Amino acid sequence: MRRAFIDSLLELAAHDDSIVLLTGDLGYTVVEPFLECHPDRFFNIGVAEQNMLGIATGLAQSGYTPFAYSIATFASMRGYEFIRNGPVLHELPVRIVGVGDGFDYGPNGPTHYPLEDIGLMRLQPGLGVVAPADPEQTRAAMEALAGHPGPTYIKLGKGAGTVPGLDGRFRLGRAELIGDGDDVAILACGGMVGAAVEAKSLLAAEGLGATVAVTASVSPAPLEDLAELLGRVPLAIALEAHYVTGGLGSLACEVVAERGLDCRVIRQGVRVVPRGESGSMQHMWERHDLTASAVVDAAVSVLNSSR
Amino acid sequence: MADDLRKTSLNIRRTVIEQSFRAGVGHIGSCLSIADVLAALSGGVLRGNSDDDPDRDRFILSKGHAVLALYAALHEAGRLDTAELNTYCTDGTAVSGHPDHALGPIELSTGSLGQGLSVGAGVALGARLNGSPSRVFVLLSDAECNEGAVWEAAMFAAHHRLGNLVAIIDANGQQALGRTSDVLDMEPLPERWRAFGWDVHEVDGSDPDALAAQLEALDTAQSTGEPHVVVARTTFGKGVSYMESQVHWHYWPMSEELYEQAISELDDAGAAAGASASASGSQRNSP
């Protein structure tokens, strides 16, 4: 994902002189190619995320398109008010790049788990929120965002695998669907899409048809796509390595409630602060029921009880 | 020149008093302490004549709560008309209690302390990358320097030698709940900024001529060099005797009686200086 990001950025920067890369002293083995190609457009701001976002705001006011890169927790939260009062309030094309899906940083522990960044960023009107599922979708998202006038938060997972059936599709404001089952919709973005697709296969073995809505464009939200999907399934499960408040599960609830749809929503996300226990990403997913089998169990339980 | 700047200062103070009384709002002391700084900037320091000139000097009021003084300076320069000024703090206006960039001459919406210098450093860096001669002036308060982000920006500007960046510290010694020396002592401010790699100057912030002379003397022609800071030693509430260095004038609005007294004192100061309190009609580029 990070490799796809930097490759795309280099391609865009080759014919767009406004692109500048800022980092909060992170991105070892990722950002170097940009530094080599464009030393005059690369700034390591130091360990100072607030200032990085202030500098990005000023550069954007001067006509540049700054990409501000750090680990997702630091990029999204340390300078949150700078994001709010800077690029959001002034409608500037700052790209905040947060690295790490929910539990990507595994043994590094809770300070490195971005479990609320999607919700926080989604709160800000006009701030794009994009969480691609795989390297191919990352490239497509970078191309779709080229020239986008507003600010954007880009969440980059650390995975490198390709999601089967996604084929690198990405459109801003749209959900990319995998499958067309009418029994359950599974919403996911970023690093959880793989498990969502796996759950779809497992459900098929149970005789249940699922549609995976890859909601990489969290904002602008794919409201029409979700309304159409949630209008034809009795159950939606939002699978997310994110707190249950504010993320895709909340988005699904908003669509169902506002459109008056007859669809139950299960927010299959993180419900407690992960204190006192860290471990590999897989371990943390299992501890928080963020697995394909957990999705299947939830779906089977709900759908069987309503039959 | 000297009389002009003092007249501008007095007119800014008078507008601050009139508008804050009309609107029934506070932050008066913080506005009065920067009247002379704004008069100096208006009086020829800031270059560029229009809001859309890409090479204009930029002014960022990082201590956004003193925006009324900025409106007054813009009004003096003919860039904010009286009708607009009179909407200050009324329903539906962009002439609000903190700067809103929806208003043409306002470069940056501020009001959350500690953010202006970072953005200003970004604009200064952008000017360097663009090969633009424009310079960036950021006005902060002394208590604003409590914010850690100010020092992140200070480190960045010095490391990248943003010689086209000028910070002005309104060192009035007051903050919302008390004296800065009692709340969180930032002195000695000049030594602290010097330690962060800035070109430091200290000036009587109630003397618009001294301020203008100091700001003009800064070597901002090169976009690479030490960034500059002018520590302006000001008086909170300057020009209205009962407000000077009195902390409650951070928030309090005036009674009618105190309003009359303030206007009377400013009239006396104007008469003493031989200056008219009428509008100057100046065409200079105000902040």
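Q: What should helix α11 of chain B span at 1.5 Å a residue, and how far apart are its end C-alpha atoms?
A: This is a predicted model, and in it helix α11 of chain B runs over residues 256-272. With 17 residues at 1.5 Å each, counting one less than the number of residues, the helix should span 24 Å, and its end C-alpha atoms are 24 Å apart, so the two agree.

Q: And what comes just after α11(B)?
A: That's B:G274, which takes a positive phi of about 70 degrees.

Q: OK, zooming out. How many helices and strands are there in chain B?
A: Chain B has 11 helices and 7 strands.

Q: What radius of gyration does chain B have, and what would a compact globule have?
A: Chain B comes out at 18 Å. A compact globule with 287 residues would be near 19 Å, so chain B agrees with that. Along its principal axes, the C-alpha trace spans about 50 × 40 × 40 Å.

Q: How much of chain B is buried?
A: Buried residues are 53% of the 287 in chain B. As for contacts with a separation of 6 or more, 78% of those in chain B are between residues 24 or more positions apart.

Q: Switching to chain A: which domains is it divided into?
A: Domain 1 covers 2-156 and domain 2 covers 176-305. Their C-alpha centres lie 26 Å apart. The contact takes 24 residues from domain 1 of chain A and 26 residues from domain 2 of chain A.

Q: Which elements give two or more residues to domain 1's side of that?
A: In chain A, they are α6 (117-122), β5 (128-130) and α7 (135-145). The residues on that side divide into 13 nonpolar, 6 polar and 5 charged.

Q: Where does the largest nonpolar core lie?
A: Domain 1 and domain 2 of chain A both give residues to the core, so it lies between them. The core has 189 residues, and A:L22, A:I186 and B:A69 are among those with the most contacts inside it. Its largest share, 8 residues, comes from helix α4 (residues 67-76) of chain B.

Q: What does A:I186 touch?
A: Leaving out residues up to four places away in sequence, its partners include A:A196, A:K200, A:V212, A:L239 and A:V295.

Q: Last one: how many residues does the contact take from chain B and from chain A?
A: It takes 19 residues from chain B and 21 residues from chain A. On chain B's side, α6 (116-130) and α7 (148-159) are the elements that give two or more residues. The largest share there, 10 residues, comes from α6(B). By class, that side of chain B has 9 nonpolar, 9 polar and 1 charged residues.

Note on methods. Residues are numbered from 1 along each chain as its sequence is written. Chains are lettered from A and ligands numbered from 1 in the order in which they are written. This is a predicted model: local features need pLDDT of at least 70, side-chain atom pairs count only at pLDDT 80 or more; totals for chains, interfaces and linings use all residues. Domain bounds come from an automatic or database domain assignment. Two residues are in contact if their C-beta atoms, placed from the backbone, lie within 7 Å. Helices (H or I, at least four residues) and strands (E, at least two) are DSSP runs, numbered from the N terminus. Ala, Val, Leu, Ile, Met, Phe, Trp, Tyr, Cys and Pro count as nonpolar, Asp, Glu, Lys and Arg as charged, and the others, Gly among them, as polar. A nonpolar core is a set of buried Ala, Val, Leu, Ile, Met, Phe, Trp, Tyr and Cys residues joined through C-beta atoms within 7 Å. A residue is buried if 20 or more other C-beta atoms lie within 10 Å of its own, exposed if 12 or fewer, and partly exposed in between; C-beta atoms are placed from the backbone. The radius of gyration is taken over C-alpha atoms; the globule rule is 2.2 Å times the number of residues to the power 0.38.
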